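Visitor: I am new to this structure. Please take me to a single part of it for a close look, and then show me how the rest is laid out around that part.

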Amino acid sequence: MTPTEDSFAPSTAEWYYPSEDISRQAYVTDYDALYKESMEDIEGFWARQAESLEWYQRWDKVLDRSEAPFFKWFVGGKTNIVLNALDRHVKTWRRNKMALIWEGEPGDKQTFSYWRLWQEVNKFGNVLRGMGVKKGDRVTIYMGRTPELIIAMLACAKIGAVHSVIYGGFSENAIADRIEDAQSRVMVTSDGAWLRGNIVELKKIADEAVKRSPIVETVIVVKRTGQPVNMQHGRDYWYHDLMALPIASPKCETEVMDAEDPLFILYTSGTTGKPKGILHTHGGYQVYTSTTLKYVFDIRDEDRYWCAADPGWITGHSYIVYAPLILGATGFMYEGAPTQPYPNRWWKMVEEYGITILYTAPTAIRGLMRFGDAWPNRHDLSSLRLLGSVGEPINPEAWRWYHKVIGKERSPIMDTWWQTETGGFMITPMPSVGLKPGSATRPFPGIDADVVDEEGNSCPPGVEGKLVIKQPWPSMLRTIYRDPERFKQQYWSTYAQQGWYLAGDAARKDKDGYFWIIGRMDEVIKVSGYRLGTAEIESGLVSHPAVAEAAVIGVPDEVRGNVVYAYCILKAGVQGSEELVDKLKEHVRHEIGPIAVPTKLEIVASLPKTKSGKIMRRVLKARAMGLPEGDTSTLEE
C-alpha cells in the first residue's frame, strides 16, 4: 500500500511542547521567522553568524559557486579554528573557566580550565613541530576517550596539520588502509584504553597497522593503562617524556590558515570497499558547528554539556571538541562503557557533575532502557535541561522513555539528523518548537532540504523519497580526499542538473513539514549508530582463504538498531563447520574490528543474484527476517 498523507498525520497526543521557561529563554524563539529570513538571503545569514567569530582577515566573498560542486566559503578569509576555540578565550575571563571535565572508567578524574587546555595544546603543538610536522601534513590519531585525544586534535589544527582520527574500535587492517590513504608519517596513540573493565590494547593494534603501512616514521604513545608495550627505538616516543622536554614550551604560535585550508580528514564507510576520506576545512566548519550547537542546544555559560559520543566519529569532532570550545562551554567526557560497573554509571555522573545537557545515541538509550527505570530513578537528574539524540532515527518508544524517565517530562529532546559529510546538524528541532517522537522535525535555518522522487519532484506528504539538500552550507565536505571524481559521482551526480546534494537516506515529510528519516538507501549498515560498508565487511570475509564469496546485510535489532548478518560461499573442497564460522567471525574482528563482527554467519551454497551478477541483498534480508521475498523475476535461475 502506498502511504497517504493520513497515514502519517500526527494525532494531538503525539505532539510534545517545551515548557514556557525553556521556550521563552531559547536563542531562537521564532523558528519560522528565522528560517524564512535565512532562505531569503542564505549568504547574508551565514555572514552574520561568521561575524561572531574572530578572523585574522575578513573574507572577500561569502560563497563561491564558480567550481560547483567544489564550493568555497568565506573566500579570502584568514583564520584558524583554534583561534576561536582557545586563543580568544584565554584573553578574557573565560581563561579560568572549566573547558573540560573528564572521568576515566576506573574512576580517575581530570579537569582543564581554558588556560590549562590552551597550554597543553601549545606544548603538544610544539612537540609535533619538533617532530617535523608542517602545515598541511597529515597526522593519524588512534586513541581512547582521554583528554590527550582532544589535545592532539587541537594541537594539529593549531599548527596547520590535518588530523585523521580513527575510532579506537577499528583493527590494524582498517587503520593501515586509512594511514595509507592519508599518507600520515606521524601517529599518536595510547598504550591502551579502559572499556567494560578490560584493557583495549591500542598500541599493539597500532604496531600491526604500522607494519602493514610503513610510511609512519614516528609514533607518540600516551601512557593510559600502564601495561608493558613494545616501544621501537627511534620510532616510538612516550607522550609524557616529550611533553617534559624544553621544546614543549607552553607558548606556540597559531598558524594563520586560509578559510578553505584543510582541518581534518575523517573516514566513513561507502558502498565500495575503500573507506572515503571526508575532508573538512577551517572557516566554514567553525562557523556552522558553533552556530548549530548554540541554537539547537541553547548553550549558556553556566551549562555543563555532555556529548556522550566518541571523538573518533564526526559527532565527537563537531560536538565534543570544536563547537563547545568555540562557544566557551564547559564540556564533560567519560572514557568507558555506560554500564560499567553497573547500569547507573551515566546517571550517577549526571547527578555528580550537574550535567545540564545530554546528547547521545538511540543505541545507548535503548541499551540503558533494558535495565528498567529503577537505576535512573535512584539519582537526582533534575539538572538536565535538554536532551539530544544522534546517529540514527530514534524509535518512538525509546524517545518516550528518554523524555519521561531521564528528562522527567521537562527536557525537550533534540533529535538531530546529519552526517560525517555535512559536518553539523542539518534537520533538527530547537528548544522552542513542538516535537513528534521519531521525527527530526525541520531543517536548520540556512538549510534547504527536501524529499524528492527519481525525477526531482517534491514528494507529497507521507510519501517516501530521497533526501536532498538544495543549497550549499558552510560545513559541507569539500571533497573525498585524493578522489574528487568519487566525490562528484557519489553526492552530486543523481541530481546533477539541479545541483543538489544527495544524502543517501530515504525519508518522508508529513503535512506539517516535519521530516521522518527512514534509513540508508545504499549498502551501508548502521550498527549502534556507526556506519559500516557492506563491501568492506565482505572484502574482509573474502580475504579468508576458505571463502569464495560473501554477502552482508543489516538486520534490525532492538538495542543496536541493526546487526550484521553474513552469508558465505566456501571454496571448493572446504567443509563448513561451527568451528569455521567462529574462525570467520574472528577474522572479521581482526580485519575490520569488533563492531563489524557478524551476529549470525551462515554458510550457503549460492547467493540470490540478478542476471547481471548483482547480489540481491533485499532478498537475503527478507529471508533473514522471515518476510516475503517480493519480485524475484530478475534473479538468475
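Guide: A residue counts as buried when its relative accessible area is under 20%, and as exposed when that value is over 50%. Take Asp298 with that in hand. The model is a predicted one. In it, Asp298 has a relative accessible area of 2%, so it is buried. Asp298 sits in the loop between helix H10 and strand S16 (304–307). Its backbone stands out too: Asp298 is not a glycine, yet its phi is positive, about 50 degrees.

Step back into H10, which spans residues 282–297. Thr289 belongs to this helix. Its relative accessible area is 0%, so Thr289 is buried as well. Beyond residues up to four places away in sequence, Thr289 touches Ser318, Tyr319, Ala323, Ile326 and Gly423. Compare a pair farther apart. Thr289 and Arg442 are separated by 153 residues in sequence, and their C-alpha atoms are 17 Å apart.

H10 also serves as cover for another helix. That helix is H3, residues 42–50, where 7 of the 9 residues are buried. They are Ile42, Gly44, Phe45, Trp46, Ala47, Gln49 and Ala50. Besides H10, their cover includes helix H2 (31–40), strand S1 (61–64) and strand S2 (72–75). Look at the loop between S1 and S2, where Pro69 is found. The peptide bond joining Ala68 to Pro69 is cis, with omega about 10 degrees.

Next comes Asn84, in helix H4 (residues 81–87). It has 0% relative accessibility and therefore counts as buried. Set aside its neighbours within four places in sequence. Asn84 is then in contact with Leu53, Glu54, Thr79, His89, Gln286, Leu325 and Ile326. Ile326 is also among the residues touched by Thr289.

A second cis bond lies further along the chain. It runs from Gln340 to Pro341, with omega near 0 degrees. Pro341 is in the loop between strand S17 (330–334) and H12. In H12, residues 345–353, the buried residues are Arg345, Trp346, Trp347, Met349, Val350 and Tyr353. Gly354 follows just after H12, and takes a positive phi of about 65 degrees.

Asp298 has a counterpart in its backbone angle. Lys408 is not a glycine either, and its phi is also positive, about 50 degrees. Lys408 lies in the loop between H15 and strand S20 (413–415). How covered is it? Lys408 has 29% relative accessibility, so it counts as partly exposed.

H15 itself, residues 396–406, holds Tyr402. Its relative accessibility is 1%, so Tyr402 counts as buried. The side chain of Tyr402 reaches the backbone oxygen of Leu358 at 3.2 Å. Leu358 is also one of its contacts beyond four places in sequence. The others are Thr360, Ile365, Leu387, Gly388, Ile394, Gly407 and Ile413. Tyr402 and Ile413 are 11 residues apart in sequence; C-alpha to C-alpha, they are 8.2 Å apart.

Two more places round out the tour. One is helix H7 (residues 172–182), where 9 of the 11 residues are buried. Among them are Glu172, Arg178 and Asp181. The buried residues of H7 pack against strands S6 (138–142), S8 (186–190) and S14 (262–268), and against helices H8 (202–212), H17 (534–542) and H18 (578–591). Gln183 follows H7, with a positive phi near 55 degrees.

The other is Ser528, in the loop between strand S26 (524–527) and strand S27 (530–533). Ser528 counts as buried because its relative accessibility is 19%, and the cut-off is under 20%. Leaving aside neighbours within four places in sequence, Ser528 is in contact with Thr363, Glu392 and Arg560.

Now the whole chain. It has 19 helices and 30 strands. Of its 637 residues, 62% count as buried. A compact globule with that many residues would have a radius of gyration near 26 Å; this chain has 24 Å, which agrees. Its C-alpha atoms fill a box of roughly 70 × 60 × 60 Å along the principal axes. Consider contacts between residues at least 6 apart in sequence: 72% of them join residues at least 24 apart. The accessible surface comes to about 24400 Å², with 49% belonging to carbon and sulfur atoms. Finally, the chain carries 75 positive and 82 negative charges, and their mean positions are 3 Å apart.

How values were computed:
Residues are numbered from 1 along each chain as its sequence is written. This is a predicted model: local features need pLDDT of at least 70, side-chain atom pairs count only at pLDDT 80 or more; totals for chains, interfaces and linings use all residues. Side-chain values use heavy atoms; hydrogens and water are left out. Helices (H or I, at least four residues) and strands (E, at least two) are DSSP runs, numbered from the N terminus. Buried means under 20% relative accessible area, exposed over 50%, partly exposed in between (1.4 Å probe, protein chains only). Contact means heavy atoms within 4.5 Å. The radius of gyration is taken over C-alpha atoms; the globule rule is 2.2 Å times the number of residues to the power 0.38. Accessible areas come from the Shrake-Rupley method with a 1.4 Å probe; for residues, only the protein chains shown count as cover. Lys and Arg count as positive and Asp and Glu as negative; His and the chain ends are not counted. The place of a charge is taken as NZ of Lys, CZ of Arg, CG of Asp or CD of Glu. A polar contact is a pair of N or O atoms within 3.5 Å; within protein, one must be able to donate a hydrogen and the other to accept it, and residues adjacent in sequence count only if both atoms are side-chain atoms.
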